[in-house]
Amino acid sequence: MIKKLLIANRGEIALRIHRACREMGIQTVAVHSKADAEAMHVRLADERVCIGPAAASKSYLDIKSILAAAEITGADAIHPGYGFLAENATFAKMVEEHNITFVGPHPDHISLMGDKITGKKTVQALGIPVVPGSDGAIKDVKEALAFAKKNGYPVLIKATAGGGGKGMQVANNDTELKERLGIAKAEAKANFGNDDVFIEKYLTHPRHIEIQILADTHGNVLHLGERDCSIQRRHQKLWEEAPSPVITEKQRHDIGEKVVNAMKKLGYRGLGTIEFLYEDGQFYFIEMNTRVQVEHPVTEMVTGIDLVREQIRIAAGKVLTLQQKDIKIRGHAIECRINAESPETFMPCPGRIDFNHVPGGLGVRVDSAVYTGYTIPPHYDSLVSKLIVHADDRPKCLARLRRALSEYVISGIETTLPLHRKLAENADMQKGDYNIHWLEKVFLKGQ
Amino acid sequence: MTNAETKKHTKEAPKNIGKESQTKADKVNIDAAAVKELADLFKETDLSEIEYETAGCRIRVARNFGIPAQQQFYPAMQGMQMPSFQSQGFQGQGAIVEGTTTDLPKAPIDPAKHPGAIKSPMVGTAYLSSQPGADPFIKVGGPIKEGDTVMIVEAMKVMNPIRAPKSGIVKEIFIQDGTPVEFDEVLLIIE
């Protein structure tokens, strides 16, 4: 078993990993930048090593320094958390080459899923549904019309060399498709010097639904149900829940089984999340995250499984003790991401927390590394805290969330707490009637 | 909860309280002269805390003496600033262990603030000579020229020479041969 684990991360996830280790009797090493000498996980860890200046590129992203710290402390495992080096295949490979256990998947699987096109092709071949699209560039209008006929309107025309929305056109019928194919090609040519375009089915009101999986090195794969992360702003999730308000038991079982079979065939190990867009009863693969997710606590609350603990056990080569039939989704959980940002403009707001009062009581969990008197450094992301509530059903969970949000005080900096208070009161949110565009296009516009 | 309620909470919450002196008085009406007088009284009496109250105004002046603090966590609700731990460096070959830090006061002169301090540019293992058994690069009291190698820090099997940024005399060496060093840890002082 692992004796000493180096946490190659910071903030709440570093503390989360430390907590799992402490309960498992594993010693922890906190590596930190100059800006994080006062951080909570650094204070609590058994050992601490300063690995560089505040800039992440010279500390948390500096592979050489992290490995040197593992060497001088004699750590036998490294947990990368999320972000930073968590999905860096080179890092994972180097860790293993130093005979240190990497708490994560095989480096090859990290690179496979890191490349979005290869990742999509791979999972499609393994039986996971993807957004229907033309195989490569569209040759002519005839091919485009045939595709639309087969898959239905609307369709999205995209430049193969594209990015940033350039050369992208939506068509709702044959006439529009004929017309906009030409426009898209011209835009693609003008922007990228290449007029190749491809077509895919355009989802107008999808939800973001993701499936959590857990795979050991002995061929056992489990799925732990879904999380609904449709409340997003600029692709940043702000509110996540499990189970999704719209997914049925049968749908959960069906997509879960597809994902489990695919991961078995792939030989994947560790924690993984398969992200989908979901519209009108259909799932469409977006990408796979080969690491622990920020929103993992909602799954923990409804399944009762400590995901970080399982992740470490798997890395140590242990066998999963649970079987799929043991996985039960109990009640409902919601997580609010509380960021150091203006709740109106979303401008980051680093600074000193003058007072921090976290809510408590039954079914309330706060994953946060801040404390009264802590100064949020300006160098890293703005996540201050994750408030997670759990209750028997969704209405009770929302009531508990409103109660917990009303107790929560963070002063000295601006946070998104007021936004969450409004969301928790909102009528659409009560009904679970939202999609990935709802927050920006409906809720924030109405503010 | 409404915003107004939040603000109320905020107001009641303890304000930023400095470590060296703590005052609780009406925001504007701090009697600077009184504080000064109390501070002077400190020096004379060697007290660590004085509290003084008159109608509508209370002044508390406190200072911390060097009590080697065990690593201790004050409940956040107290509104106190947590003890600030100095980067503790490594103790010998072994790794540092919780509870080895001292809170206040700092050593008479903080070596990190010394203008002639040479700090480690990386985390790794420091060596004082080019190979085991060889003469060390530097000696306390010995002269040193700008650009001379003063130590080697090994990180991931790569030997990184640490060079003197200026000429002078080696005043103090803080590192033993073969010991781990952190980023920014003071290796030696040149004067």
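This passage walks through the domains, sheets, loops and one cavity of a predicted model.

The model is predicted, and local features are reported at pLDDT of at least 70, side-chain atom pairs count only at pLDDT 80 or more, and totals for chains, interfaces and linings use all residues. Residues are numbered from 1 along each chain as its sequence is written, chains are lettered from A and ligands numbered from 1 in the order in which they are written, and side-chain values use heavy atoms, with hydrogens and water left out.

Chain A is a good place to begin. It is divided into domain 1 (4-103), domain 2 (132-201) and domain 3 (207-446), with bounds that come from an automatic or database domain assignment. The centres of domain 1 and domain 3 of chain A, taken over C-alpha atoms, are separated by 23 Å. Between these two domains, 35 residues of domain 1 are in contact with 30 residues of domain 3, where contact means heavy atoms within 4.5 Å.

What lies between the two domains? The second largest cavity does, because domain 1 (4-103) and domain 3 (207-446) of chain A both give residues to its lining. Rolling a probe the size of a water molecule over the atoms shows where empty space is left. Here a cavity is a set of points, on a 1 Å grid over the protein atoms alone, where a 1.4 Å probe fits but cannot get out, and lining residues have an atom within 4 Å of a point. Grid points are joined across faces, edges and corners, and a volume is the space filled by probe spheres set on the points. A search of the whole structure finds two cavities of 30 Å³ or more, and the second largest has a volume of about 40 Å³. Its lining includes A:His79, A:Phe102, A:Val103, A:Arg291 and A:Gln311. The lining residues divide into six nonpolar, five polar and one charged; in this grouping Ala, Val, Leu, Ile, Met, Phe, Trp, Tyr, Cys and Pro count as nonpolar, Asp, Glu, Lys and Arg as charged, and the others, Gly among them, as polar.

The sheets come next. Strands of a sheet pair through backbone hydrogen bonds, either parallel or antiparallel. Helices (H or I, at least four residues) and strands (E, at least two) are DSSP runs, numbered from the N terminus, and two strands pair if DSSP finds at least two bridges between them. In chain A, an open sheet of three strands has the order E7-E6-E8, with antiparallel pairing. Its edge strands, each pairing on one side only, are E7 (169-171) and E8 (197-201). Neighbouring strands of this sheet are turned by 25° against each other on average, direction ignored; axes are lines fitted to C-alpha atoms, for helices over the stretch in contact, and angles run from 0 to 180 degrees between N-to-C directions. Strand E6 (residues 155-159) of chain A is joined to E8(A) by five bridges, and A:Leu156 stands opposite A:Glu200 in E8(A). Helix H7 (residues 141-151) of chain A lies across E6 and E8, running at about 10° to E8(A). In the loop between H7 and E6 of chain A sits A:Pro154, which a cis peptide bond joins to A:Tyr153, with omega about -5°.

Another open sheet of chain A has eight strands in the order E13-E12-E9-E10-E11-E14-E19-E17, with antiparallel pairing. Strand E13 (282-289) and strand E17 (364-368) are its edge strands, and the twist averages 25° from one strand to the next. Strands E10 (residues 221-233) and E11 (residues 236-242) of chain A pair over four bridges; the bridge partner of A:Ile231 in E11(A) is A:Trp239. Helix H9 (residues 249-266) of chain A lies across E9, E10, E12 and E13, at about 115° to E10(A). The loop between E11 and H9 of chain A holds A:Pro243, and the peptide bond from A:Ala242 to A:Pro243 is cis, with omega near -5°.

Chain B also has antiparallel pairs. Two bridges join its strand E5 (residues 143-144) to strand E8 (residues 168-173), and B:Ile144 stands opposite B:Gly168. E8(B) also pairs with strand E10 (residues 186-190) of chain B over three bridges, with B:Ile189 in E10(B) as the bridge partner of B:Glu172.

Terms used: On a 1 Å grid over the protein atoms alone, a cavity is a set of points where a 1.4 Å probe fits but cannot get out, and a pocket is an open set with protein on both sides within 12 Å along at least five of seven lines; lining residues have an atom within 4 Å of a point.
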